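Hi,

Here is the structure I promised to pass on to you. Have a look at it first, and then read my notes below with the viewer open.

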Amino acid sequence: EWLRRAYGVEGRDLGEAIRSNPAYRGIQAPQEVQARYLYEDVPTGLVPLADLGGLAGLEVPVMRSLITLASQVHGVDYWRTGRTLERLGLGDLDREGFLDYLALGRWVA
């Protein structure tokens with residue numbers, strides 16, 4: 001749905017939609033581990049997503065492993081420095097409180 005809205009692409013599934021997106025053509029994998037795809041996306045993308053998964057009651061073992069591995073490779077504790085729900089000011093919310101926050105755009109005490 002997001003790819004359709006943002007880029008106007010569609011597909012039978014997520015993979016097909018991604019492959020049909022011209023904005024993604026030509027993007028190549030980094031040649032080394034000190035690449036922005038890791039040191040930017042892990043702490044700002046994977047860390048909050050892993051926290052949200054936990055808030056939703058989901059286990060996200062692969063995501064958690066990737067964060068831990070990237071932390072080891074870069075010598076940075078992304079669990080401590082990344083955008084956790086706590087650091088985003090959402091650490092006190094439970095699942096229902098977070099859903100209210102999303103629906104209303106504000107924290108309901």
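Let's start with Arg5, which sits in helix H1, the stretch covering residues 2–7. Keep in mind that this is a predicted model. Arg5 has a relative accessible area of 66%, and it counts as exposed because that value is over the 50% cut-off. Its side chain is joined to the side chain of Glu1 by a polar contact of 2.7 Å. That pair also counts as a salt bridge, with 2.7 Å from N to O.

What else does Glu1 pair up with in a salt bridge? Arg4, and here the closest N and O atoms are 2.7 Å apart. So if you click on Glu1, Arg4 and Arg5 together, you'll be looking at a network of salt bridges that links them. As for how open these residues are, Glu1 is exposed at 56% relative accessible area, while Arg4 is partly exposed at 35%.

How many salt bridges does the structure hold? The count is 3. Besides the ones around Glu1, there is a salt bridge between Glu16 and Arg12, whose closest N and O atoms lie 3.1 Å apart. Arg12 is exposed, with 75% relative accessibility, and Glu16 is partly exposed, with a relative accessible area of 24%.

Next, the helices. Find H4, which runs over residues 41–55, and look at how it packs against H5: the angle is about 145° and the axes are 9 Å apart. The crossing of H4 past H5 is left-handed. Which residues meet there? From H4 you have Val42, Leu46, Val47, Leu49 and Ala50, and from H5 you have Met63, Arg64, Leu66, Ile67 and Ala70. Sorted by class, this contact has 9 nonpolar residues, 1 charged residue and no polar ones. The charged one is Arg64, because Arg is put in the charged class.

While you're on H5, which spans residues 61–74, stop at Ser71, since that helix is where you'll find it. Is Ser71 buried or exposed? Buried: its relative accessibility is 9%, and it gets that label because the value is under 20%. The side chain of Ser71 reaches the backbone oxygen of Ile67 at 2.9 Å. Ile67 is also among the H5 residues that meet H4, so you can show both features in one view if you centre on Ile67. If you skip the neighbours within four places in sequence, Ser71 is in contact with Val76, Asp77, Tyr78 and Trp79.

Trp79 comes up again with the last residue on my list, Thr84. Where is Thr84? It lies in the loop between helix H6 (78–81) and helix H7 (95–104). Being in a loop doesn't stop Thr84 from counting as buried, at 11% relative accessibility. Again setting aside neighbours within four places in sequence, the contacts of Thr84 are Val47, Asp51 and Trp79. You've met Val47 already, as one of the H4 residues in the contact with H5.

If you want a route through all this, try Arg5 and its salt bridge to Glu1, then the packing of H4 and H5, then Ser71 in H5, and finish in the loop with Thr84.

Cheers

Technical notes:
Residues are numbered from 1 along each chain as its sequence is written. This is a predicted model: local features need pLDDT of at least 70, side-chain atom pairs count only at pLDDT 80 or more; totals for chains, interfaces and linings use all residues. Side-chain values use heavy atoms; hydrogens and water are left out. Helices (H or I, at least four residues) and strands (E, at least two) are DSSP runs, numbered from the N terminus. Buried means under 20% relative accessible area, exposed over 50%, partly exposed in between (1.4 Å probe, protein chains only). A polar contact is a pair of N or O atoms within 3.5 Å; within protein, one must be able to donate a hydrogen and the other to accept it, and residues adjacent in sequence count only if both atoms are side-chain atoms. Contact means heavy atoms within 4.5 Å. A salt bridge is a side-chain nitrogen of Lys or Arg within 4 Å of a carboxyl oxygen of Asp or Glu. Axes are lines fitted to C-alpha atoms, for helices over the stretch in contact, and angles run from 0 to 180 degrees between N-to-C directions. A crossing is left-handed if the near helix is turned anticlockwise from the far one by less than a right angle, and right-handed if clockwise.
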